[in-house]
Amino acid sequence: MDRDLDQNYQREIRRGGESAGQCQVAVIGAGLVGSLLAMLLARRGFKVDVFERRPDMRTEKIAAGRSINLAISTRGITALNRAGLSPSVLAHAVPMFGRMMHSKSGELTFQRYGKDNSEYINSISRSDLNKMLMSEAESTGNVQFHFHQKALGLDLARSSLTLLDEDKKETHTLGAEIVIGTDGSASKIRDEMCKLPGYEVSEERLDYGYKELVIPPGPEGQFLMEKNALHIWPRGTFMLIALPNFDGSFTCTLFLPYKGPVSFEKLTAVEAVRNFFAAEFGDAVALIPDLAENFVSAPLGHMDTIKCHPWNVEGQALLLGDAAHAIVPFFGQGANCGFEDLSILEDCIDEHLSRGGNLYIDQRRPKVGGDDVRRRLKEGSANWHQIFDELTRRRKVNCDAIADMAVENFTEMRDRVADPKFLLMKSVEKILEKEFPGQYRSRYSLVTFSNAPYKLALDAGVVCEEILNSLCKDISHAEEVDLKQAEKLINQKLAPLLQQYEPLLAH
Ligand code: FAD
């Protein structure tokens with residue numbers, strides 16, 4: 001689909017590019033965001049080279065990344081739809097309709113996520129999704145993945161990238177007209193950009209880490225707990241969660257402080273781990289073989305919130321995904337948010353084209369093309385500069401909002417899901433969602449089941465909390481809620497906020 005680039009120009013720049021070790025678009029990092037980005041750009045006719053530090057996960061077995069599986073929801077699906085991929089991705093996902101809470105004595109309580117079974121999130125293997133995205137990107141014919149290639153430096157003055165070939169242990173330098181850093185939370189491209197005056201980054205590490213364990217499928221390949229739920233064992237200062245996998249297994253994640261009376265520093269010996277799990281998560285213990293031994297040897301993961309600004313250097317370099325905005329995983333939105341960056345990039349490109357702009361890329365090598373080509377190439381860089389500025393303007397405020405909500409949701413999942421007042425408010429919220437469909441939208445619903453800006457979800461969440469506090473003040477059972485008063489409050493307080501974003505509220 002070469003609709004955006006002039007054919008002659010493309011031939012010219014590719015010829016110049018190939019002979020001169022020059023990339024048109026260089027994407028750093030073949031994770032979820034980099035792979036989908038490469039595919040979307042390739043579908044517009046760009047030649048994309050993706051440089052990935054690790055080996056090819058489709059052919060070589062590599063250590064699991066930061067999480068074995070993740071939950072994909074509306075924003076992620078919207079971006080996958082743009083690439084025509086959501087049916088094939090969702091065919092490998094397990095729907096989760098709500099949270100299944102496990103008490104210490106093993107009692108189960110189910111809290112639905114949405115208003116009914118039409119609203120759910122999708123548990124999918126991170127590596128399966130990544131492999132699928134890489135193969136789909138390659139199948140466009142315009143994307144080339146280069147593995148064992150670690151980005152070491154970006155020279156913006158020369159438009160060049162330095163890479164270490166980790167196989168050959170050699171460094172080499174490449175020209176690149178546009179560099180997009182999708183190299184995750186420890187981004188090298190971000191480090192390089194932050195050397196420039198006016199560029200800022202803030203990094204905050206949560207004082208909690210995590211370890212993953214697996215509940216394998218039963219003897220007939222069956223799920224050993226409720227399949228269509230995200231399981232949670234909330235225990236005040238710590239919690240265990242489990243997400244179902246397509247093969248009948250569950251991936252369990254224990255979130256625990258690094259230090260303190262109940263912490264990772266206290267769980268280094270097999271015996272201590274055994275006693276801890278038996279006391280806190282009795283119903284899970286029997287389902288996890290070699291629990292204590294596996295736990296002790298499992299890697300300890302860290303969780304960071306990273307905010308930076310700006311995300312681009314003119315039309316030359318851009319950050320997307322975790323490289324631009326890493327968030328803690330408690331809203332299940334990191335990948336969804338990174339995918340949404342790509343939807344908004346696509347919108348910015350389309351709007352730019354509809355205003356008569358073009359997408360030619362700046363090419364500083366004078367030997368490429370004649371004067372006309374050179375003029376258009378310069379124009380191209382200015383065009384990408386506008387697109388990247390606009391993207392950053394639209395995304396920054398929203399990515400900051402989801403970063404803050406994710407930290408807040410951590411305390412909610414950890415502390416409040418076992419608090420009776422909170423549970424009452426959640427039950428009333430469910431009634432309001434049912435009684436006033438489309439009018440009452442919870443923060444969770446706006447984040448998870450809509451494409452409305454995250455900032456709206458943040459603001460609406462504050463209003464929802466006020467409404468719920470007021471309605472729950474004098475009741476002890478959700479059914480006692482005063483629906484007339486609820487309608488009045490929703491119309492007064494929530495409706496004016498939501499109205500502005502009506503088209504984005506549906507999923
Ligand atoms: P990454 O996935 O980190 O990919 C970056 C890629 O860049 C990697 O392949 C890496 O090898 C490569 N790279 C790094 N440095 C270099 C370099 N110098 N040169 C070349 N290549 C490099 N998100 C959700 O949406 N839903 C969830 O339920 C969810 N659950 C999570 C649970 C946990 C425990 C964690 C930790 C995260 C979770 N996330 C979830 C977040 C999600 O995993 C990330 O947001 C997502 O993977 C980010 O994708 P990315 O492509 O931006 O970065």
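This is a short tour of a predicted model, with stops at the ligand, a pocket and two loops.

**Stop 1: the ligand**

Start by selecting the ligand and showing the residues around it. You should find 30 of them, the closest being Glu52, Ala71, Ala151, Asp322 and Ala335. If you colour this shell by residue class, 10 residues come up as nonpolar, 11 as polar and 9 as charged.

Next, look for polar atoms facing each other. Select arginine 53: one of its polar backbone atoms is 3.2 Å from a nitrogen atom of the ligand. Then move to alanine 335, where a backbone N or O atom lies 2.9 Å from an oxygen atom of the ligand. Asparagine 336 uses its side chain instead, with a polar atom 3.1 Å from a ligand oxygen.

How much of the ligand does the protein bury? Taken alone, the ligand exposes 1000 Å², and the protein buries 93% of that. To see which elements take part, select helix 2 (32–43), strand 3 (69–72), strand 9 (149–155) and helix 11 (334–354); each gives two or more residues to the shell.

**Stop 2: the second largest pocket**

Now select Glu412, Phe422, Lys426, Glu429 and Tyr444. Of the 29 residues that line the second largest pocket, these lie nearest its centre. The volume of this pocket is about 660 Å³.

Which helix supplies the largest share of the lining? Highlight helix 13 (420–435), which contributes 8 residues, the largest share. Strand 6 (108–112), helix 12 (371–414), helix 14 (443–448) and helix 15 (454–472) each supply at least two residues as well. Coloured by class, the lining shows 11 nonpolar, 7 polar and 11 charged residues.

Try giving each domain its own colour here. Domain 1 (3–95 + 121–203 + 304–410) and domain 3 (419–504) both give residues to the lining, so the second largest pocket lies between them.

**Stop 3: two loops with backbone surprises**

Before this last stop, keep in mind that most residues other than glycine have a negative phi, and most peptide bonds are trans.

Select histidine 309 and proline 310: the peptide bond from one to the other is cis, with omega near -10 degrees. Proline 310 sits in the loop between strand 16 (301–309) and strand 17 (312–313).

Finally, go to serine 159, in the loop between strand 9 and strand 10 (160–165). Serine 159 is not a glycine, yet it has a positive phi of about 50 degrees.

Terms used: Residues are numbered from 1 along each chain as its sequence is written. This is a predicted model: local features need pLDDT of at least 70, side-chain atom pairs count only at pLDDT 80 or more; totals for chains, interfaces and linings use all residues. Side-chain values use heavy atoms; hydrogens and water are left out. A residue is near a molecule or strand if one of its heavy atoms lies within 4 Å of it. A polar contact is a pair of N or O atoms within 3.5 Å; within protein, one must be able to donate a hydrogen and the other to accept it, and residues adjacent in sequence count only if both atoms are side-chain atoms. Accessible areas come from the Shrake-Rupley method with a 1.4 Å probe; for residues, only the protein chains shown count as cover. Helices (H or I, at least four residues) and strands (E, at least two) are DSSP runs, numbered from the N terminus. Ala, Val, Leu, Ile, Met, Phe, Trp, Tyr, Cys and Pro count as nonpolar, Asp, Glu, Lys and Arg as charged, and the others, Gly among them, as polar. On a 1 Å grid over the protein atoms alone, a cavity is a set of points where a 1.4 Å probe fits but cannot get out, and a pocket is an open set with protein on both sides within 12 Å along at least five of seven lines; lining residues have an atom within 4 Å of a point. Grid points are joined across faces, edges and corners, and a volume is the space filled by probe spheres set on the points. Domain bounds come from an automatic or database domain assignment.
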